[in-house]
Amino acid sequence: MIKEIDELLQHWADQQRGRGLRQCSPLGRLAEFKGVMPQGSGQKGSRDPLGLGELDELSWQVEQALRTLSDEDQVLAHEHYRWHGYNDAKAMRLGMAERTYYERLDRLHVRLKAVLRASFDKKHRA
């Protein structure tokens, strides 16, 4: 598991659930992002794919990167990060052994990191 990708996916899931950037105070937002607020750079198409309110730029980039991955990877990301519960129960719902679940989660992290890196490199070459 890649810790940074895990944290990024957790932030994405929080945004999808409508918790991100919805703190009631600026201090709450500052604490959520460890003192560094994300900067938006304008609209990038539909920012509200699930009707939950706007996603911040970081979550939007993760959403777009996930959409390029296989259906299996997308389902795993949603199951692991958006739904609460024990991982063994999540693995069972997906019809796989717990060890396989963790192996596929690790593979998801590697693939997502590669897609995000490619997207970052493409933006900064232009």
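Me: What makes E79 and R93 a salt bridge?
Reply: In this predicted model, the side chains of E79 and R93 come to 2.4 Å, N to O. The cut-off is 4 Å between a side-chain nitrogen of Lys or Arg and a carboxyl oxygen of Asp or Glu. The value of 2.4 Å for E79 and R93 is within it, so the pair counts as a salt bridge.

Me: Which parts of the chain does the pair of E79 and R93 tie together?
Reply: E79 lies in helix α4, and R93 in helix α5 (residues 87-93). The pair therefore ties together parts that are 14 residues apart in sequence.

Me: Why is E79 called buried?
Reply: Its relative accessibility is 11%. Buried means under 20%. So E79 counts as buried.

Me: Which residues do shared salt-bridge partners join into one network?
Reply: E72, R104 and R107.

Me: How many salt bridges are there in the whole structure?
Reply: A search finds seven.

Me: How do you know that D73 and R111 form a salt bridge?
Reply: Their side chains meet at 2.9 Å, N to O. The limit is 4 Å, so D73 and R111 qualify. This pair links distant parts of the chain. D73 is in helix α4 (residues 71-82), R111 is in helix α6 (residues 98-125), and they are 38 residues apart.

Me: Are D73 and R111 buried or partly exposed?
Reply: D73 has 1% relative accessibility. That is under 20%, so D73 is buried. R111 has a relative accessible area of 34%. That falls between 20% and 50%, so R111 is partly exposed.

Me: What makes K3 and E7 a salt bridge?
Reply: The N to O value is 3.8 Å. With a limit of 4 Å, the pair of K3 and E7 therefore counts. Both residues lie in helix α1 (residues 3-16). They are four residues apart, about one turn of the helix.

Me: Why is K3 called exposed, and E7 partly exposed?
Reply: K3 has 57% relative accessibility. Exposed means over 50%, so K3 is exposed. E7 has 38%. That lies between 20% and 50%, so E7 is partly exposed.

Me: Why is α1 called roughly perpendicular to α3?
Reply: α1 and helix α3 (residues 57-67) pack at an angle of about 105°. Roughly perpendicular covers 65 to 115 degrees, so α1 and α3 fit the term. Their axes are 9 Å apart.

Me: Which residues make the contact of α1 with α3?
Reply: From α1 come L8, L9, H11, W12, Q15 and Q16. From α3 come L58, S59, V62, E63 and L66. By class, six are nonpolar, four polar and one charged.

Me: What makes α1 and α4 roughly perpendicular?
Reply: Their axes cross at roughly 80°. The range is 65 to 115 degrees, so α1 and α4 are roughly perpendicular to each other. The axes come within 9 Å. D6, L9, Q10, W12, A13 and Q16 of α1 make the contact with A77, H78, Y81 and R82 of α4. The classes here are five nonpolar, three polar and two charged residues.

Me: How do you know that L76 is buried?
Reply: L76 has a relative accessible area of 4%. The bound is under 20%, so L76 is buried. L76 is found in helix α4.

Me: Which residues is L76 in contact with, leaving aside its neighbours within four places in sequence?
Reply: L94, Y101, R104, L105 and L108. L76 and L94 are 18 residues apart in sequence. In space they are 8.1 Å apart, C-alpha to C-alpha.

Me: How many helices and strands are in the chain?
Reply: Six helices and zero strands. Buried residues make up 33% of the 126 residues.

Me: Which elements have the lowest and the highest mean pLDDT?
Reply: Helix α2 (residues 26-32) has the lowest, 62, and α4 the highest, 95. Over residues 20-24 the pLDDT is below 50. The pLDDT also stays under 50 over residues 41-52. Where pLDDT is low, the predicted coordinates should not be read in detail. The mean for the chain is 81, and 70% of its residues reach 70 or more.

Key:
Residues numbered from 1 in each chain as written. Heavy atoms only, no water. Helix = DSSP H or I, 4+ residues; strand = E, 2+ residues; numbered from the N terminus. Buried < 20%, exposed > 50% of the residue type's maximum accessible area, 1.4 Å probe, protein only. Axes fitted to C-alpha atoms, helices over the stretch in contact; angles between N-to-C directions. Parallel < 35°, antiparallel > 145°, perpendicular 65-115°, else oblique. Contact = heavy atoms within 4.5 Å. Nonpolar A, V, L, I, M, F, W, Y, C, P; charged D, E, K, R; others polar. pLDDT = per-residue confidence, 0-100.
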